[in-house]
Structures are given as structure tokens and as C-alpha cells.
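This report goes through selected features of one protein chain, with the sequence and the structure to be read side by side. Please keep both in view while following the text.

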Amino acid sequence: MTIKPLIILPDPVLRQLSKPVERVDNDLRKLADDMLETMYDAPGIGLAAIQVGIPLRLLVIDLAKEGEEPAPMVVVNPEIVNSSDERSTYEEGCLSIPDYYAEVERPATVRAKFLDRDGKQQEITAEGLLATCLQHEIDHLNGVLFIDHISRLKRDMVMRKFKKLAKDRPPSRLVG
Ligand SMILES: [Zn+2]
């Protein structure tokens with residue numbers, strides 16, 4: 001497994017719309033494993049393929065706490081089919097926006113359909129942290145970041161900070 005470089009704000013790649021996965025095959029499973037490795041290394045609890053520069057509707061999640069058995073989830077072509085009116089607030093962060101956290105309000109419960117790592121159709125009702133994490137990651141597939149859900153004033157401040165940081169940082173990838 002390979003740890004892949006993370007795409008960091010304000011890289012415009014993060015705003016790209018990801019395309020549906022056509023086939024869940026060994027190449028896709030390898031990518032999912034690399035993403036899990038990258039996420040565990042960071043560490044984080046969720047990662048979308050676009051965050052390693054690949055515009056596919058694929059994400060990985062593992063909500064196991066430190067000391068618990070890993071519980072990796074591979075989520076392909078997810079779709080939210082129902083959201084609760086009830087909302088909950090979590091302090092969110094993002095591996096593409098390091099060291100920044102803000103409270104985000106989202107539907108407390110969502111029903112989601114997706115394909116698992118074997119290409120089998122799954123449908124789950126997610127609540128609590130899993131509901132928030134799924135919505136955060138599915139947002140990534142649509143080019144949406146959690147800072148889009150906070151006030152414009154706070155978002156502008158974050159954007160300014162990361163634009164400044166990017167200037168002082170060597171490019172994270174080569175475009176050939
Ligand atoms: Zn994120």
C-alpha cells in the first residue's frame with residue numbers, strides 16, 4: 001500500500017466534480033487501500049479520492065477509536081436518498097484544510113445507498129458521527145468543502161490563510 005500526497009486548499013482540484021466509478025475491480029480496491037493507508041497515516045476518519053487527486057466517486061471512512069480494531073468502510077458511488085429534518089452540529093476538520101476546525105450543522109440522520117468494496121449494493125441509515133462524516137465526504141465528490149457551510153467571513157479568513165501558506169510551500173505535485 002502507498003501513502004499518497006494530499007491535495008491541500010486552495011488547490012482548485014478540490015473543486016472538481018468527481019465522476020461515477022464504472023466498475024469495482026482490483027484497481028479500484030488498490031486505490032481504496034492506498035486511500036485508507038493515507039488516511040490512517042494523516043490521521044483522519046474519512047477521505048475522498050479527489051483529496052489524493054483522483055476525481056472518482058469513491059471514499060473511505062474508519063470511525064474506530066484509538067486502540068480499537070480498525071473498521072474500514074469503502075464507499076463507491078454514494079447517494080443520499082433521505083435526510084432527517086433533525087439536525088446536529090459537529091466540530092469538523094478536513095485533511096485538505098489542515099489544522100482548521102469549525103462547527104457545522106447538518107442533517108442528524110441520512111439514508112445512503114452505495115456499492116461496497118466487492119461492488120455489492122448497500123443501503124444504510126447513518127446517524128451521529130457517521131452521518132456527518134458521510135455527508136462531509138460526499139460533499140467532496142461534488143467539489144464542496146466544509147468551509148462552504150460556515151459564515152462567509154470565517155471562510156474568507158481561512159481562504160486567505162491557506163493562499164498565503166501555499167505561496168510559502170513548494171508545489172505538492174508536478175503537472176507534466
Ligand atoms: Zn474533508
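Pro10 lies in the segment that comes before helix H1 (26-41), in what is a predicted model. The peptide bond that joins Leu9 and Pro10 is cis, with omega at about 5°. In space, the C-alpha of Pro10 is 9.6 Å from the C-alpha of Lys164, although 154 residues separate the two in sequence. Lys164 itself is found in helix H3, which covers residues 152-168, and Lys164 counts as exposed because its relative accessibility is 57%, where the cut-off for exposed is over 50%.

A cis peptide bond also joins Ala42 and Pro43, here with omega at about -10°. Pro43 lies in the loop between H1 and strand S1 (46-48).

Backbone angles at two residues other than glycine also deserve a look. Most residues other than glycine have a negative phi, and most peptide bonds are trans. Asn77, placed in strand S3 (residues 73-83), has a positive phi near 50°, and Asp99, which lies in strand S5 (residues 97-107), has a positive phi near 60°. As for their surroundings, Asn77 counts as partly exposed because its relative accessibility is 21%, whereas Asp99, at 65%, counts as exposed. The table sets out the backbone values discussed so far.

| Site | Backbone value |
|---|---|
| Leu9 and Pro10, cis peptide bond | omega about 5° |
| Ala42 and Pro43, cis peptide bond | omega about -10° |
| Asn77, residue other than glycine | phi near 50° |
| Asp99, residue other than glycine | phi near 60° |

Turning to the metal site, which residues coordinate the zinc ion? The donors are Cys94 through SG, His136 through NE2 and His140 through NE2, at 2.1 to 2.3 Å. Along the sequence these donor residues follow the spacing C-x41-H-x3-H. Cys94 and His140 link distant parts of the chain, since Cys94 belongs to strand S4 (residues 87-94) and His140 to helix H2 (residues 128-141), with their positions 46 residues apart. Both Cys94 and His140 are buried. An α-helix has 3.6 residues a turn, so residues three or four places apart point the same way.

Helix H2 has 14 residues and reaches 21 Å from its first C-alpha to its last, which is close to the 20 Å expected at 1.5 Å a residue. Is H2 largely enclosed or largely open? Twelve of its 14 residues are buried, so H2 is largely enclosed by the rest of the structure. The buried residues of H2 include His136 and His140, and among the others are Leu130, Leu134, Ile138 and Leu141, as well as Glu137 and Asp139. After H2 comes Gly143, whose phi is positive, near 75°.

The remaining part concerns strand pairing. Strand S2 (residues 58-61) is covered on both faces, with Leu58 and Val60 buried on one side and Leu59 and Ile61 buried on the other. S1 and S2 run antiparallel and are joined by three bridges, and within this pairing Gly46 has Ile61 in S2 as its bridge partner. S2 and S3 likewise run antiparallel, joined by four bridges, with Leu58 standing opposite Val76 in S3. Strand S2 is therefore a place where burial and pairing can be read together: Leu58 and Ile61 are buried on opposite sides, while Ile61 partners Gly46 and Leu58 stands opposite Val76.

Note on methods
Residues are numbered from 1 along each chain as its sequence is written. This is a predicted model: local features need pLDDT of at least 70, side-chain atom pairs count only at pLDDT 80 or more; totals for chains, interfaces and linings use all residues. Side-chain values use heavy atoms; hydrogens and water are left out. Donors are N, O and S atoms within 2.8 Å of the metal (3.2 Å for Na, K and Ca); water is not among the atoms, so sites may look incomplete. Helices (H or I, at least four residues) and strands (E, at least two) are DSSP runs, numbered from the N terminus. Buried means under 20% relative accessible area, exposed over 50%, partly exposed in between (1.4 Å probe, protein chains only). The expected span of a helix is 1.5 Å times one less than its number of residues. Two strands pair if DSSP finds at least two bridges between them.
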